[in-house]
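Thanks for coming. I will walk through one structure, taking a few places in turn. Please keep the sequence and the 3D view open while I talk.

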Amino acid sequence: MLHVRCIENLPFSVTLLLYAHAIHLLCKAAGETVGMSIGCDDYLGSDKVIDKCGICGGDNTACKVVSGVFKHTLTNLGYHKIVEIPEGATKINITEMSKSNNYLALRSRSGRSIINGNWAIDRPGRYEGGGTMFIYKRPNEISSTAGESFLADGPTNEVLDVYMIHQQPNPGIHYEYIIPGDNVISPQLLAHRRPGEPLNGQLGMAESTNHGDEDLHRETDTLTGQPAGTFPVIQPGRFPSHQPENQVPAVQPPRQNREHNWKQVGKTECTTTCGKGSQYPVFHCVNRITHEEVSESYCDSSTKPIPEEEACNLFPCPAFWDIGEWSECSKTCGLGMQHRQILCRQMYANRTLTVQQYRCHHLEKPETTSTCQLKICSEWQIRTEWTSCSVPCGVGQRTRDVKCVSNLGDVVDDEECNMKLRPNDIENCDMGPCAKSWFLTEWSDRCSAECGDGVRTRSVVCMTNHVSSLPLEGCGNNRPSETTPCNNGPCAGKVEWFAGGWTQCSTECGSGTQQREVVCVRKTEGTFEVLNPYECSYLEKPPSQQSCYLKPCGSKWFHTEWSTCSRSCEGGFRVREVRCLSDDMIASTQCDPQLKPEEKESCNMQDCIPEVDENCKDKYYNCNVVVQARLCVYTYYKTACCASCTRVANRQSGFLGRR
């Protein structure tokens, strides 16, 4: 407690307030001690509470709750009026029933924008307007489904209009506010005023409020839930009348002598919600004193004002994205691209204009390009290796089986695959000019001389696929040799050469050779001394070999030289052509098949040393998906996933090579 000396030094008015406060605290403490409550009027034992109208001890009849849900289906983009908040409204709650791309807007009847006006979207926060503070909320959590809201305690000191900026279907707007009833003192003055306490510093009676000329709104009685009889219904979205009664021509009787007259009660709905529309005033016949609407027959029809067109909603409509249709997919199968045109447009005076894109910055711009895939592409598969050339010499053709196979492994029409990528299934093959190959037999086993220099022989013939009538035609001048030197060592003898008998023919058939021994001897009496052949070198040596022919062989195998190996490593093959020919070099079928020389043999069996290309790398981590989708046939993927595509190509070529 304050010390008495301190209180003595205070002004009288302050001292009186301190004593009153101290007494109040003592009474309150006493009430708590005896278990009695203190009402909203601060009297001990009082059970008065503040009702929803803000009146201490009130019975909820001093005010009315106006509420409803705006669920109109809207078609035009832009500002649409939802409801008006009258002067004196309290506990204002305007809430969007679910999240949407629409926005709430608030402006005064004078045209001043409070929240989200002039096509500018404000941040959530506190905004002052109409004599109160509005809290604007816009949940931005991704998981939240709550919509926007305006909240204010009030009271408002002017009429406010609530709009919705329509961009997508209306989810519903719930509105609610409280307005005082007739002849009710403002709750803000009564809530904390004790009996006998001066009002605005003076004692006196409460002033009554005259609402006879006010424009009234649709509202619901708090207790009954029925429309209050003193508040005629006005459709949401209409502008209630705030204009004075029209002037009556001078020829009419004075106003005070007429019971009824024409009064503007509102305006027609604007033909557009934005971008300059038109509307007309609406005149009804009303009782001059009660303002109650009556039949038009009570008023003079000749004095009814002619409605004149008025411009309305002059503010431009919100810019919007005009979205064109998607183009066709650039690929009939596999990943492709499609495009569409996106324009920022705005409505004004019933015209749609293309505007700068920054006017649509409050909207998320739709994508102009998108990937598309009509279906997974089929691919070409090589089912067989090349066939043999159609001709044994010259230029012929060879073929292989190429099929279009779907991703399910089924053979489909060729049109399902990219015809530009179709592997060839027929190609020319050049077997070399006809009548150009020399056919040779093996060298004979025996040397023509048993000692000294001799020769071995073989047969050489120029062949086509059919034996040429001219054996040398077309084979050129590089005829292979038919003989090759051989030497079984020097012969002995000085005096003369001694020739022995001929051996048997070297072949059992056909052309062969016979050998005989020719030695250098020194003839003595009754004996011969065999000498070193060198001793007879000055003498002409008798032939030690001669041709022989016992009988026709019939047929014999001939072959060409081996071709170049088909692979340089990891096992290839080389081939040669083998023919069966008779003695007169005509193709025959009489050769022994078991003696036929091999036409094909393996070669270059050593392992290959792969060449490493440092520039061939995968640029993406998921190149295995490209391989699985069989996209390596496209140049882009073959480059972006070079390593993976190269490995697959090597495996496939190796598989085909082993087939």
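Let me begin with how residue types are sorted here: Ala, Val, Leu, Ile, Met, Phe, Trp, Tyr, Cys and Pro count as nonpolar, Asp, Glu, Lys and Arg as charged, and the others, Gly among them, as polar. We are looking at a predicted model.

With that sorting in hand, go to the inside. Rolling a probe the size of a water molecule over the atoms shows where empty space is left. How many cavities of 30 Å³ or more does the structure hold? The count is 1. The largest cavity encloses about 40 Å³ of space. Around the largest cavity sit Tyr103, Trp119, Ile121, Ile165, Pro318 and His362. Sorted by type, that lining has 5 nonpolar residues, 1 polar residue and no charged ones. The polar one is His362, because histidine is not on the nonpolar list or the charged list.

Next, a sheet. Six strands make up an open sheet, and their order across it is 1-10-3-8-7-6, with antiparallel pairing. Which strands are at the edges? They are strand 1, residues 63–70, and strand 6, residues 125–129, and each of them pairs on one side only. On average, neighbouring strands in this sheet are turned by 20° against each other, if direction is ignored. Looking at one end of the order, strand 6 is joined to strand 7, residues 132–137, by 5 bridges, and the two run antiparallel. If you want one pair of residues to find on screen, take arginine 126, which stands opposite isoleucine 135 in strand 7.

Now to charged pairs. Side chains of opposite charge can pair when their charged atoms come close. Over the whole structure, a search finds 18 salt bridges. I will show three of them and then a network.

Start with arginine 398 and glutamate 427, whose closest N and O atoms are 2.5 Å apart in a salt bridge. This pair links distant parts of the chain: arginine 398 belongs to strand 21, residues 395–399, and glutamate 427 to strand 24, residues 426–430, with the two positions 29 residues apart in numbering. Are these two buried or exposed? Arginine 398 is partly exposed, at a relative accessible area of 28%, and glutamate 427 is partly exposed as well, at 26%.

Another salt bridge is formed by arginine 567 and glutamate 570, where the closest N and O atoms lie 3.7 Å apart. Arginine 567 has a relative accessible area of 37% and is partly exposed. Glutamate 570 has 47%, so it too is partly exposed.

In the last pair, glutamate 577 and arginine 579 meet through their side chains in a salt bridge, at 2.3 Å from N to O. Glutamate 577 is partly exposed at 29% relative accessibility. Arginine 579 has a relative accessible area of 16%, and it counts as buried because the cut-off for buried is under 20%. As for the network, Lys81, Glu84, Arg109 and Asp161 are joined into one by salt bridges that share partners.

One more stop, at a loop. Where is serine 406? Serine 406 is in the loop between strand 22, residues 402–405, and strand 23, residues 411–412. With a relative accessibility of 10%, serine 406 counts as buried. Its C-alpha atom is separated by 9.9 Å from that of glutamine 381, a residue 25 positions away along the chain.

That is my tour; I will take questions.

Key:
Residues numbered from 1 in each chain as written. Predicted model: local features only at pLDDT ≥ 70, side-chain atom pairs only at ≥ 80, totals over all residues. Heavy atoms only, no water. Salt bridge = Lys/Arg side-chain N within 4 Å of Asp/Glu carboxyl O. Helix = DSSP H or I, 4+ residues; strand = E, 2+ residues; numbered from the N terminus. Buried < 20%, exposed > 50% of the residue type's maximum accessible area, 1.4 Å probe, protein only. 1 Å grid on protein atoms, 1.4 Å probe; cavity = no way out; pocket = protein on both sides within 12 Å on 5 of 7 lines; lining within 4 Å. Points joined across faces, edges and corners; volume = space filled by probe spheres on them. Pairing = 2+ DSSP bridges. Axes fitted to C-alpha atoms, helices over the stretch in contact; angles between N-to-C directions.
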